[in-house]
Structures are given as C-alpha cells and as structure tokens.
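I opened this model to follow one strand and its surroundings. My notes are below.

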Amino acid sequence: MKTRLIASIAVGAAVVLGTTGCNILAPQATTIDYSASDGVNVPADSGPLHVRNALIVANDDGTTGNFVAAIVNDTTEPLTLRLEVGEGSTAVRSSVNVPANRTLSLGDLADDVEPLRLDDIDAVPGSTVPVYFQSGDGQGALIQVPVLDGALEYLAPLAPSPEATFSIPATPSATPTPTPSATPAS
C-alpha cells in the first residue's frame with residue numbers, strides 16, 4: 001500500500017514538473033517590454049519624459065504628417081520634448097511642452113488635443129522614419145518610428161488635412177468709361 005502511495009506521489013510530481021518545468025528555463029513572455037500597438041515606445045534614456053505609442057500619420061506622398069503619441073511627465077516640473085524627424089540637414093525639428101504630473105496624448109481628439117503637425121518631412125506611409133527624442137538632461141534616443149496613412153477608420157481623423165490656401169481671384173481692371181456730363185444752363 002505504501003509503495004502505491006509513493007508511486008502516485010512520484011507520478012504526480014513528474015506530471016507537475018513536466019507541465020510547468022518550461023518556466024524554469026524559458027523567460028516569461030509577459031515580462032518582456034514591447035510596443036503593444038501601432039506605434040513604438042521610446043527608451044528611458046531619451047530623458048525624464050516617457051513617450052508611448054509614437055507614430056506618424058502621413059499624407060499619401062509623405063510630405064506632411066501628424067505625430068501622435070502619449071507623453072508622460074511624472075516629474076514635478078513642466079518639461080519640453082524635442083523631436084528631430086529625419087536626419088541631416090533635412091531634419092524637421094519641433095518640440096512639445098508637457099505640464100508637470102500630466103500625460104499629454106497628442107491626437108486624443110476626444111479631449112481636443114490635436115496631433116503635432118510636421119511639414120516638409122520625407123515619411124512615406126508604410127515605411128519608418130528616424131526620429132530623435134530628447135527631454136530634460138537625457139542623452140536622447142534615435143528610434144525608427146512607423147509611418148501610417150489614414151486608410152484605417154481609427155486613423156482617418158488623425159491624417160493631416162491640406163493646409164488652406166488663400167488666393168485673391170484676379171479681376172479685370174476696370175477702365176473708366178467717359179460719361180456725358182450735363183452742363184448747367186446759363
């Protein structure tokens with residue numbers, strides 16, 4: 001009877017170790033940081049601001065885009081996030097001010113927060129573009145940010161709209177036409 005009990009315990013232990021033993025050698029997937037959405041997360045060495053789900057929604061030719069991201073400032077001071085989209089002399093520079101102890105969600109249209117418009121960029125939808133992020137006294141980080149278009153329903157409101165152009169229509173110059181004048185009778 002005791003051998004049966006010991007054998008049952010041994011078999012039970014073997015089953016438990018066999019089914020859960022993989023966790024001893026393999027890392028848990030839930031502990032690996034990754035970008036869970038369309039955008040990318042910026043590493044902490046970019047500065048004290050945390051940039052989450054960063055992406056650019058661009059027009060079809062990739063010359064204008066809207067930068068969309070959640071920027072978290074968990075410090076007690078207002079901070080500025082500096083961006084450089086592209087590289088070299090053609091890089092487009094911009095910045096975003098983030099109040100202390102706040103999360104600024106660029107492109108959160110429910111809260112009337114517009115995305116950051118970027119003009120004169122080279123970011124064709126379907127590609128990635130190098131973006132340099134820096135805030136506070138951080139060294140900054142160069143990240144490949146995905147570029148999407150407004151084809152998907154939830155991205156359509158974030159697509160850049162063409163800038164309004166104003167022009168004054170040309171009107172033909174009026175030429176004075178002589179009119180007979182009445183002369184007073186004397």
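**Strand pairing**

I began with a bridge: Leu 55 stands opposite Val 68 in β2. The model is predicted, and I read every entry with that in mind.

I then looked up how the two strands pair. β1 and β2 run antiparallel, with 7 bridges between them. Their hairpin has 5 residues between the strands, and I noted Gly 62 there with a positive phi near 75°.

Next I asked which sense β2 and β6 take in their pairing. The two are antiparallel and share 4 bridges. Thr 64 of β2 has Asp 119 as its bridge partner in β6.

I also checked β5. It is antiparallel to β2, and 5 bridges join the two. Ala 69 has Leu 106 in β5 as its bridge partner.

**Burial of β2**

How many of the 10 residues of β2 are buried? I found 8, so the strand counts as mostly covered, given that buried means under 20% relative accessible area.

**Two threonines**

I looked up Thr 64, which sits in β2, a strand spanning residues 64-73. Is Thr 64 buried or exposed? Its relative accessible area is 12%, under the 20% cut-off, so Thr 64 is buried. Leaving out residues up to four places away in sequence, Thr 64 touches Val 57, Ala 58, Asn 59, Arg 117, Leu 118, Asp 119, Ile 121 and Pro 160.

Then I turned to Thr 103, in strand β5. Its relative accessible area is 42%, between the 20% and 50% cut-offs, so Thr 103 is partly exposed. Beyond its neighbours within four places in sequence, Thr 103 contacts Ala 70, Ile 71 and Val 72. I checked the C-alpha atoms of Thr 103 and Val 72: they lie 4.3 Å apart, with the two positions 31 residues apart along the chain.

**Nonpolar cores**

I looked for the largest nonpolar core and found 31 residues in it. Ile 56, Phe 67, Leu 106, Val 131 and Phe 133 have the most contacts inside this core. Elements giving it two or more residues are β1 (50-58), β2, β3 (79-85), β4 (92-98), β5 (102-106), β6 (116-119), β7 (128-135) and β8 (141-148).

A second, separate core has 5 residues, including Leu 55, Val 57, Val 68 and Leu 155. Leu 55 and Val 68 are the residues I started from, opposite each other.

I closed with Phe 133. Not counting residues up to four places away in sequence, Phe 133 touches, among others, Val 42, Ser 46, Phe 67, Leu 81 and Val 145.

Methods:
Residues are numbered from 1 along each chain as its sequence is written. This is a predicted model: local features need pLDDT of at least 70, side-chain atom pairs count only at pLDDT 80 or more; totals for chains, interfaces and linings use all residues. Side-chain values use heavy atoms; hydrogens and water are left out. Buried means under 20% relative accessible area, exposed over 50%, partly exposed in between (1.4 Å probe, protein chains only). Contact means heavy atoms within 4.5 Å. A nonpolar core is a set of buried Ala, Val, Leu, Ile, Met, Phe, Trp, Tyr and Cys residues joined through side-chain atoms within 4.5 Å. Two strands pair if DSSP finds at least two bridges between them.
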